[in-house]
Amino acid sequence: MVSSMSEYFFKKQIFNSYDELNTLVMRYEKYEKQKLFNRNRIPLREDDENSEENRNRLIYKTIRYECKFGKNYHGSEAEVRQTNYFKRNCPFFIQINKPLNAQVLRISTLNLAHNHPHVIRKKL
Ligand SMILES: [Zn+2]
């Protein structure tokens, strides 16, 4: 299943804070009934050209969101059994970086296509 989610995320999209990004991710999960996990988060360091205010606002230098059914998914055995009919290795990802000399977070690359149906059936 390929969905076009450009109303949520697109290349070079800019976020003025981690909160703004996180709010959109939660909205995406809720309305698209998918579950994303962030991986490889690297926090901004004190010596990274950033004021304390910027570090508190942006928090991360790099964040990668992947689908619950992405290749790095390691659920509990029960969870894996329960969801066994889903295809694995979902290619969905969103890679976000803080560009040099810009006090924002920006989507550098992404793939919004899931290879399985919605994963959340219960209410969030
Ligand atoms: Zn997926």
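Here are some exercises on this structure, each with a worked solution.

Before you start: the model is predicted, so local features need pLDDT of at least 70 and side-chain atom pairs count only at pLDDT 80 or more, while totals for chains, interfaces and linings use all residues. Residue numbers start from 1 along each chain as its sequence is written.

**Exercise 1. The fold**

Work out how many helices and strands the chain has, and in what order the elements run.

*Solution.* Start with what counts: helices (H or I, at least four residues) and strands (E, at least two) are DSSP runs, numbered from the N terminus. By that rule, the chain has three helices and five strands. Next, walk along from the N terminus and you meet β-α-β-α-β-α-β-β.

**Exercise 2. The sheet**

Find the order of the strands in the sheet and pick out the edge strands.

*Solution.* Two strands pair if DSSP finds at least two bridges between them. Using this, five strands line up as β1-β5-β4-β3-β2 in an open sheet, with antiparallel pairing. The edge strands, β1 (14–15) and β2 (36–43), each pair on one side only. Now zoom in on β2 and β3: six bridges join this antiparallel pair. Take P43, whose bridge partner in β3 is Y60.

**Exercise 3. The cores**

Identify the residues of the largest nonpolar core and the strands that each supply at least two of them.

*Solution.* First, the terms. A residue is buried if 20 or more other C-beta atoms lie within 10 Å of its own, exposed if 12 or fewer, and partly exposed in between, with C-beta atoms placed from the backbone. A nonpolar core is a set of buried Ala, Val, Leu, Ile, Met, Phe, Trp, Tyr and Cys residues joined through C-beta atoms within 7 Å. Here the largest one has eight residues: F15, L21, L58, I63, Y65, I94, I96 and L105. At least two come from each of β3 (60–67) and β4 (93–97). There's also a second, separate core of five residues, among them C67, F69, C90 and F92.

**Exercise 4. A closer look at C90**

Explain why C90 counts as buried, then list what C90 touches.

*Solution.* Locate C90 first: this residue sits in the loop between α3 (77–82) and β4. C90 is buried because 21 other C-beta atoms lie within 10 Å. For touching, two residues are in contact if their C-beta atoms, placed from the backbone, lie within 7 Å. Leaving out residues up to four places away in sequence, C90 touches C67, F69, G70, H114, N115 and H116. Finally, check H114: C90 and H114 are 24 residues apart in sequence, yet 5.8 Å apart in space, C-alpha to C-alpha.
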